[in-house]
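Student: I would like to learn how to read the features of a model such as this one. Please take them one at a time.

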Amino acid sequence: MSPSERGRRAAGLDGLRGLAALSVVCFHVWLYRFPDPTHVERRGVLDYVLSDFRHGLLLFFVLSGYLLYRGFARAALRGDGFVDVRLYLRRRVARVVPAYYVAMLGTFVLLWGAGGTPGVRLPAHQADLVLFLFFAQNYSSHTVLTFNPVTWTLCLEVLFYALLPLLGIAAYRWSRGRARRQALALLGLLFAGLAWNAGAFLAGGGMLASKALPAYLPYFALGMLVALWVESGATRLGGRGTVALAVCGVLAVVGNALWHSSGGPEAAPLVAATLQDVLAGVGFAALVAAVVAGRGLAASWTRFRPLAALGLVSYGVYLWHLPLMLFGARLGLLPHAFAPRLVVVLLPAVAAGTASWLLVERPLLARAARATGPERARVREQRSRGRIGAPLDVRAAP
């Protein structure tokens, strides 16, 4: 692949990240207009549309599965060297942890003591904040969806990051050079997640079961399947094929939203609890595949510069937009109408996200990518022996 083509693909994926971040911000701006965000009433078309913007977080999961599994898929297909796991873990820590801690400190400064503000939910005790230090807030009913509620997704991402090398090793040993075996294993992950959802519903599982990693494995697995598709060299689609793939992806996302809004879950609760939003996940996987194919309008729109720029700083925007919005509500600065409220929230969120990228994320990523002298020698030796494959994408976002 030429450097220019790699650049186009990277810009396209940044554009998808920007789209995901923008949709999540729009959803929260809509949601937190209600006095109690846990009890909302959708009264018009706009309410139904904006309530489904929550699916942007699923696109983040699909992108993580795609970007982070590519190196492992490549290693398993070629069988000529495994991913440098230490470098992978160092990059993941540099990418996620410092910016997260800075945002948590900022959230504490902005929101602690604001328990009476509509939408602000704080842990009952300061001691509960310890769980947030270890990405463990999802494992207690006292902390899940409190403080900075969006960070519940990072608990899933971090656990996925930790387990991914083990999944990669399993793929390397069981399906070396065999794409079909690897695909079957990834489909197994997808169906394991669906089985978890069905079991949680039948057992009367509550919030903690629904916010656990197994419930979201299907979305990560779909991204991993796209990575396998790319690494197996099956991306030679023409312009029409790419457009068809993108259109099918959009239709799947829209179809998922229509089924949920038309009473489908009430008519078939077990089916709804099992599948959740997996149809939307399939649609997002198709969009990622269309962008990676990189041909025609179906891929080029994601390289729109403002959208790609938003994607570049999307992690910081994701971390900061809700604390800043709730702080604005605390001071009574937010208009009630959706459009001006979105502008008031989005501008400082983008500023905070840009500062996070420039001052925290990018410098630490660059430092993590620099190997020490002995480590460089070790990597060169192991690559010469075929034990280490190519490095992973350093900008994969949660």
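The dialogue below goes through confidence, fold, salt bridges, aromatic pairs, single residues and a surface patch.

Student: What kind of model is this, and how are its residues numbered?

Tutor: This is a predicted model, in which local features need pLDDT of at least 70 and side-chain atom pairs count only at pLDDT 80 or more, while totals for chains, interfaces and linings use all residues. Residues are numbered from 1 along each chain as its sequence is written, and side-chain values use heavy atoms, with hydrogens and water left out.

Student: What is the mean pLDDT of the chain, and which helix has the lowest mean?

Tutor: pLDDT is the predictor's confidence in each residue, from 0 to 100. Where it is low, the predicted coordinates should not be read in detail. Here the chain has a mean of 89, and 89% of its residues reach 70 or more. Among the elements, helix α18 (residues 373–384) has the lowest mean, 50, and helix α16 (residues 314–330) the highest, 97. The pLDDT is below 50 over residues 382–391, a stretch that still has 24 contacts in the model beyond near neighbours in sequence. A contact means heavy atoms within 4.5 Å.

Student: How many helices and strands does the chain have?

Tutor: Helices (H or I, at least four residues) and strands (E, at least two) are DSSP runs, numbered from the N terminus. The chain has 18 helices and zero strands. Of the contacts with a separation of 6 or more, 79% are between residues 24 or more positions apart.

Student: What share of the residues is buried?

Tutor: Buried means under 20% relative accessible area, exposed over 50%, and partly exposed in between (1.4 Å probe, protein chains only). Of the 398 residues, 51% count as buried.

Student: How many salt bridges are there, and which residue pairs with R54?

Tutor: Side chains of opposite charge can pair when their charged atoms come close. The rule asks for a side-chain nitrogen of Lys or Arg within 4 Å of a carboxyl oxygen of Asp or Glu. The count comes to six. R54 forms a salt bridge with D277, with the closest N and O atoms 3.1 Å apart. This pair links distant parts of the chain, 223 residues apart: R54 is in the loop between α2 (45–51) and α3 (56–78), and D277 in the loop between α12 and α13 (278–293). R54 is partly exposed because its relative accessible area is 29%, whereas D277 counts as buried at 7%. Salt bridges that share partners also join R70, R74 and E231 into one network.

Student: Where do D14 and R17 lie, and are they buried or exposed?

Tutor: Both lie in helix α1 (residues 3–31), three residues apart, about one turn of the helix. Their salt bridge has its closest N and O atoms 2.5 Å apart, and D14 and R17 are both buried.

Student: Which aromatic pair is edge-to-face, and which is stacked?

Tutor: A pair of aromatic rings is described by the distance of the centres and the angle of the planes. Rings of Phe, Tyr and Trp (its six-membered ring) pair if their centres lie within 6.5 Å; planes under 30 degrees apart count as stacked, over 60 as edge-to-face and the rest as tilted. By this rule there are 18 aromatic pairs. One of them, W30 and F34, is edge-to-face, at 5.3 Å centre to centre and 80 degrees between the planes. W30 is buried, with a relative accessible area of 2%, and F34 counts as buried at 19%. F108 and W112 form a stacked pair, at 5.3 Å and 20 degrees. F108 is partly exposed at 30%, and W112 is partly exposed at 24%. One aromatic cluster is formed by F61, W152, F160, Y161, Y216, Y219 and F220.

Student: Why does P165 count as buried, and which residues does P165 contact?

Tutor: P165 is buried because its relative accessible area is 6%. This residue is found in helix α6. Leaving aside neighbours within four places in sequence, P165 is in contact with F72, F82, V85 and Y88. The C-alpha atoms of P165 and Y88 are separated by 8.8 Å, although the two are 77 residues apart along the chain.

Student: Which residues make the nonpolar surface patch?

Tutor: Y139, L159, L163, L166 and I169 make a patch of about 440 Å². Patches are made of residues with over 30% relative accessible area and no salt bridge: like charges are joined within 9 Å, nonpolar side chains (Val, Leu, Ile, Met, Phe, Trp, Tyr) within 5 Å. Accessible areas come from the Shrake-Rupley method with a 1.4 Å probe, and for residues only the protein chains shown count as cover. I169 is in helix α6 (residues 152–174) and is partly exposed, with a relative accessible area of 31%.
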